[in-house]
Amino acid sequence: APLDGWRAGGVAGIVPSPLRLCSGVLAGAESTLAAFLAWGVLGNLIDVFFIVSGFLLFLPLAARGGDPGGWGGWMAVRWARLLPGYWLCLTLVLVLVLVVPPAGIGAPSPTEVGVQFSTLQMPARAFDPSMPVGFGVDGPIWMVSVIAAFYLVLPPIAKWYLRHPLIGLGVAAAVTVGWKALVLHTGVL
C-alpha cells in the first residue's frame, strides 16, 4: 500500500504537466522557481511512476520465479486495467476531432485510427514521425504505448533478471541513460 502512494504521487505530478504546457501558465517564466518546480520536479515524477509501477509488477513475478502464471492470464489482467479507459478516452477525442476539427488537423485516416486504438502510436512514430499521438489532441496518451510494451516484455525479462540481477541492473542503467541522452540530445521522439 505505501508503494501505491508513491505511484499515486507520480501520477499527481504527471497529470497536470500537459495542462501547464497547453494553458501557457508558465509561458515566459522558464527561469523562475515555479517553472523549476513544475518542470524539473513534477515533470520528472513520471520516472517515479514508471519505476514504482515496474517494481509492483515485478514483485509477483519474482515470487513465482519469473513465471507470470500463464501468458494469457497475465495479459488479460493487464489489458483489462489499461484498455477500457484508454479506448474511452480515444473515442471521446476521436468524436471531438470529427465534430469540431482543430485547426490544421484533418480527419484521421482509418490507418491512423487503427494505430491509435492498438496502442502502437509511439512505435509507429519511429517509422512515420508525422503520426500524431492521441489524434494530435491528446499527447499524453503516448504513455499507453510504453506501458503496453512494458507488459509484453516484463515476464521474459523478469525471468532472466532473477538469474542475473547485477547484469540486469547494469543493462537497465545503460538503457535508462542512453534513452535520456537520445531524447535530450537528438530530439528523437
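Begin by selecting Leu59, which is found in helix H4, and keep in mind throughout that what is on the screen is a predicted model. With a relative accessible area of 38%, Leu59 is partly exposed.

Next, add Leu3, Trp6 and Phe55 to the selection, since together with Leu59 these residues make a nonpolar surface patch of about 400 Å². The elements that give two or more residues to this patch are helix H1, residues 2–14, and helix H4, residues 45–63.

Staying in helix H4, turn to the aromatic rings, for which a search of the whole structure finds three pairs. Select Phe58 and Tyr161, whose rings form an edge-to-face pair, with the centres 5.6 Å apart and 85° between the planes. Because Phe58 lies in helix H4 and Tyr161 in helix H8, this pair ties together parts of the chain that are 103 residues apart in sequence. Colouring by accessibility separates the two partners: Phe58 has a relative accessible area of 18% and is therefore buried, the cut-off being under 20%, whereas Tyr161, at 24%, counts as partly exposed.

Move now to another aromatic pair, Phe117 and Phe135, whose ring centres are 6.3 Å apart and whose planes stand at 50°, so that the pair is tilted. Phe117 belongs to helix H6, residues 110–117, while Phe135 sits in the loop between helix H7, residues 121–127, and helix H8, so the pair links distant parts of the chain, 18 residues apart. Phe117 counts as partly exposed at 22% relative accessibility, and Phe135 is buried, with a relative accessible area of 1%.

For the last stop, select helix H8 itself, which runs over residues 142–163. Its 22 residues, at 1.5 Å a residue, should span 32 Å, and a distance drawn between the end C-alpha atoms gives 32 Å, which agrees. That agreement of the end-to-end distance can be set beside a local feature of the helix, for H8 bends by about 45° at Leu154, and a proline, Pro155, follows within four residues. Showing the side chains around this bend, one finds that both Leu154 and Pro155 are buried. Other buried residues of H8 include Met143, Val144, Ser145, Ile147, Ala148, Tyr151 and Ala158. When looking down the axis, it helps to recall that an α-helix has 3.6 residues a turn, so residues three or four places apart point the same way. Finally, bring Tyr161 back into view, since this residue of H8 is the partner of Phe58 in helix H4, and the tour returns to the helix that holds Leu59.

How values were computed:
Residues numbered from 1 in each chain as written. Predicted model: local features only at pLDDT ≥ 70, side-chain atom pairs only at ≥ 80, totals over all residues. Heavy atoms only, no water. Expected span 1.5 Å × (residues − 1). Bend = angle between axes of the 7 residues up to and from the residue. Buried < 20%, exposed > 50% of the residue type's maximum accessible area, 1.4 Å probe, protein only. Patch = residues over 30% accessible without salt bridge, like charges linked within 9 Å, V, L, I, M, F, W, Y side chains within 5 Å. Areas by Shrake-Rupley, 256 points an atom, 1.4 Å probe, with all protein chains shown as cover. Salt bridge = Lys/Arg side-chain N within 4 Å of Asp/Glu carboxyl O. Phe/Tyr/Trp six-rings, centres within 6.5 Å; stacked < 30°, edge-to-face > 60°.
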